[in-house]
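Reader: I have a chain in front of me and would like to go through it step by step. Where should we begin?

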Amino acid sequence: MTIEPRVGVPLADLYAQYVEIKPEIDAAISAVIRASAFIRGPFVERFEEEFAATTGAPYCVSCANGTDALYLAMRAFGVQSGDEVITTAHSWISTSETITQAGGRVVFCDTDAETYTIDTQHIEAKITSRTVGIVPVHLYGQPADMEAVMAIARRHGLWVIEDCAQAHLASIDGRQVGSFGNVATYSFYPSKNLGAMGDAGAITTADATLARRMAMLARHGGLKKGDHLLEGVNSRLDGLQAAVLSVKLKRLRDWTRRRQALARSYDELLTAIDGVATPRVKRGREHVYHLYVIQHSRRDELALHLARRGIQTAVNYPTALPFVPAYAHLGATPDQFPNAFRHQARILSLPMFAEMTSTQQQLVVSSIADFR
């Protein structure tokens, strides 16, 4: 559920970000046009190198979007019919639909009561002789419990794909997410902490063989035009988006620190308001606040109240994945996923963007305080 504001505070202000860096963005776009480097080429190669360096990964394979990143990773692992892949009950459907698209079977696991990430205490109960992998999601910008996930994966010989779509630069005890599993996937959807001006995605890994296979899969099955070593898809990052991302990547750490400062301010200001549950961050985890998500027992009424004040909110996500129509055939019941089921009726994303002013944030908080 998304409620559009009349005036006031947007959920994210992409235009404000553009205005802040307009000369560099315009120059980058012009450079791509001058070079006619629209598909692959030097701008894409440069961004792949820069993003690999930023994440600390030896290899980065760019692609058309974050959904394709997940699909390409599944294909690279050779997911086959009958293979089971465990993932979280609380995420955007890209996480689960790509398992099915690659030929596998989705197995959902409930979420942690405080972090919304996969509940590692329940993963092993989901493992069968057909399980091949686990896909934890660093939801809203908070890392999942990767130490526990990797310990389980090692015990059972499973691969791990980290869905980092919302968690650029998030870390656990100083170690970046994306560096724990076999592969990490990223989205650069415009509203992400690092967002393109259109769709874009990437995959990082330390495995040279996997990197080569994913690159081939993204380019019709070959690294050179005319080479079709296997059947792939057309999923290429274009030069314009790569150039934009290179400009923004230089500011990502500063923007992340600003988001974290805004989150601390929200925490302090909202704590005194009855009925509002602010995000809980587990010890040792660095949350990057792609979204700032509260809980409230009268969520829909609160959202309407804020919309009337010109404040945009969203629900990410209004229905936990086991309960969406696409997975009705699994026959999920609330008692199987109690945390994910409870959260879907209580969560509300408040405005959060690096360019947000203290005046805008004060308006959000005071409007929540006025809710009766």
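Author: Begin with a term: two strands pair if DSSP finds at least two bridges between them. The model is predicted.

Reader: In what order do the seven strands of the open sheet stand?

Author: The sheet is open and its pairing is mixed. Neighbouring strands are turned by 25 degrees against each other on average, direction ignored. The order of the seven strands is S2-S10-S9-S6-S5-S3-S4.

Reader: Which strands stand at the edges?

Author: An edge strand has a single partner strand, so one side of it is left without a neighbour in the sheet. The two strands in this position are S2 (59-63) and S4.

Reader: How many residues of strand S4 are buried?

Author: Buried means under 20% relative accessible area. Strand S4 covers residues 105-109 and is largely enclosed by the rest of the structure, because its buried residues number four of the five.

Reader: How many bridges join S3 and S4, and what is the handedness of the crossover between them?

Author: Strand S3 (residues 84-88) pairs with S4 in the parallel sense, over five bridges. One bridge pairs Ile86 with Val107 in S4. From S3 the chain passes through helix H5 (residues 94-101) to S4, and this β-α-β crossover is right-handed.

Reader: What is the bridge partner of Glu84 in S5?

Author: Glu84 has its place in strand S3. S3 runs parallel to strand S5 (residues 131-135), and four bridges join the two. In S5, the bridge partner of Glu84 is Thr131.

Reader: Is Glu84 buried or exposed, and which side chain makes a polar contact with the side chain of Glu84?

Author: The relative accessible area of Glu84 is 10%, so Glu84 is buried. Beyond four places in sequence, Glu84 touches several residues, among them Val107, Thr128 and Arg130. The side chain in polar contact with that of Glu84, at 3.5 Å, belongs to Arg105.

Reader: At what angle does H4 run to S9?

Author: Helix H4 (residues 66-76) is mostly covered, with eight of its eleven residues buried. Leu70, Tyr71 and Leu72 are among the buried ones. H4 lies across S2, S5, strand S6 (159-163), S9 and S10, and its angle to S9 is about 160 degrees.

Reader: Which residue caps the N-terminal end of H4?

Author: Just after H4, Gly78 takes a positive phi of about 75 degrees. At the N-terminal end, a side-chain oxygen lies 3.1 Å from the backbone nitrogen of Thr67, and the capping residue that carries this oxygen is Asn65.

Reader: How far apart in space are Val32 and Asp238?

Author: Val32 is found in helix H2 (residues 22-35). With a relative accessible area of 0%, Val32 is buried. Its contacts beyond four places in sequence include Phe38, Gly239 and Leu240. Val32 and Asp238 are 206 residues apart in sequence, while their C-alpha to C-alpha distance is 9.9 Å.

Reader: How many aromatic pairs are found, and are the rings of Trp92 and Tyr317 stacked, tilted or edge-to-face?

Author: The whole structure holds 13 aromatic pairs. The ring centres of Trp92 and Tyr317 are 5.8 Å apart and the planes stand at 40 degrees, so this pair is tilted.

Reader: And what kind of pair do the rings of Tyr116 and Tyr140 make?

Author: Tyr116 is buried at 6% relative accessibility, and Tyr140 is buried at 2%. Their ring centres are 5.3 Å apart and the planes stand at 70 degrees, so the pair is edge-to-face.

Key. Residues numbered from 1 in each chain as written. Predicted model: local features only at pLDDT ≥ 70, side-chain atom pairs only at ≥ 80, totals over all residues. Heavy atoms only, no water. Buried < 20%, exposed > 50% of the residue type's maximum accessible area, 1.4 Å probe, protein only. Right-handed = clockwise from strand over helix to strand, strands pointing away. Contact = heavy atoms within 4.5 Å. Polar contact = N/O pair within 3.5 Å; in protein donor to acceptor, adjacent residues only side chain to side chain. Axes fitted to C-alpha atoms, helices over the stretch in contact; angles between N-to-C directions. Phe/Tyr/Trp six-rings, centres within 6.5 Å; stacked < 30°, edge-to-face > 60°.
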